[in-house]
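This report introduces a protein model to a reader who has not met it before. Please have the sequence and the structure at hand while reading.

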Amino acid sequence: MGNGKSVAGDQRAVPTQETHVWYRTFMTEYPSGLQTLHEFKTLLGLQGLNQKANKHVDQVYNTFDTNKDGFIDFLEFIAAVNLIVQEKMEQKLKWYFKLYDVDGNGSIDKNELLDMFVAVQALNGQQTLSPEEFTNLVFRKIDINNDGELTLEEFINGIAKDQDLLEIVYKSFDLSNVLRVICNGKQPDTEIDSSKSPDKAGLGKVKMK
């Protein structure tokens, strides 16, 4: 999206001139200056979901709603866009950690991870590797001190070093697809090249080791 100015370290950011365009687009779509959860789901074509899938999407929305007022305002919206366009893996993994840390206590336990991927499976369809198997695999690989909880450091360091786990984390909610939908002003393109677009949650592609 062009050469952005740094907003934190070496993160890329949406350039000022593009921010103005995003603002006009956002206010055209949401004249109140606020996007509701229903509008978020409508934008991404995530309607008519079952309870578990809805829970996952709700958590995604709540993660973007940083001030917890129940809406996404423009500053939160542009922060989400910045997260997607920046290239730094660590920042994206911090966001996913926040997504999985449902109770917000600064760590991810097995129940949180299990519940998250049960919801992912409900949203994306049946996979070969069950959420239980995936949860056990993650903790076996990256829970360094074996205390049954993943700290932010364990999560980032462990996921970043394991390409299989990294792909699954990214596919648990496809941020790049969110940006495509916003830019195109339409529902996700189901004919996008699969080599460039994540395909479901990907739980069936990881080998048990």
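Residues 130-165 are 67% helix and 8% strand, and the end C-alpha atoms of this span lie 14 Å apart. Here helices (H or I, at least four residues) and strands (E, at least two) are DSSP runs, numbered from the N terminus. The model is predicted: local features need pLDDT of at least 70, side-chain atom pairs count only at pLDDT 80 or more, and totals for chains, interfaces and linings use all residues. Residues are numbered from 1 along each chain as its sequence is written, and side-chain values use heavy atoms, with hydrogens and water left out.

UniProt, in an unreviewed entry, places the feature "domain: EF-hand" at residues 52-87, 88-123 and 130-165; such annotations may be inferred rather than shown by experiment. Two of these spans are set out below.

| Span | Helix | Strand | End C-alpha separation |
|---|---|---|---|
| Residues 88-123 | 72% | 8% | 27 Å |
| Residues 130-165 | 67% | 8% | 14 Å |

Helix 5 (residues 89-100) packs against helix 9 (residues 163-172) at an angle of about 65 degrees, their axes (lines fitted to C-alpha atoms over the stretch in contact) being 11 Å apart. In contact, meaning heavy atoms within 4.5 Å, Met-89, Lys-92, Leu-93, Tyr-96 and Tyr-100 of helix 5 meet Leu-166, Val-169, Tyr-170 and Ser-172 of helix 9.

Gln-35 lies in strand 1 (residues 34-35). Gln-35 is buried (under 20% relative accessible area, 1.4 Å probe, protein chains only), with a value of 3%. Beyond residues up to four places away in sequence, Gln-35 touches several residues, including Phe-26, Phe-40 and Tyr-61.

Note on methods. Buried < 20%, exposed > 50% of the residue type's maximum accessible area, 1.4 Å probe, protein only. Axes fitted to C-alpha atoms, helices over the stretch in contact; angles between N-to-C directions.
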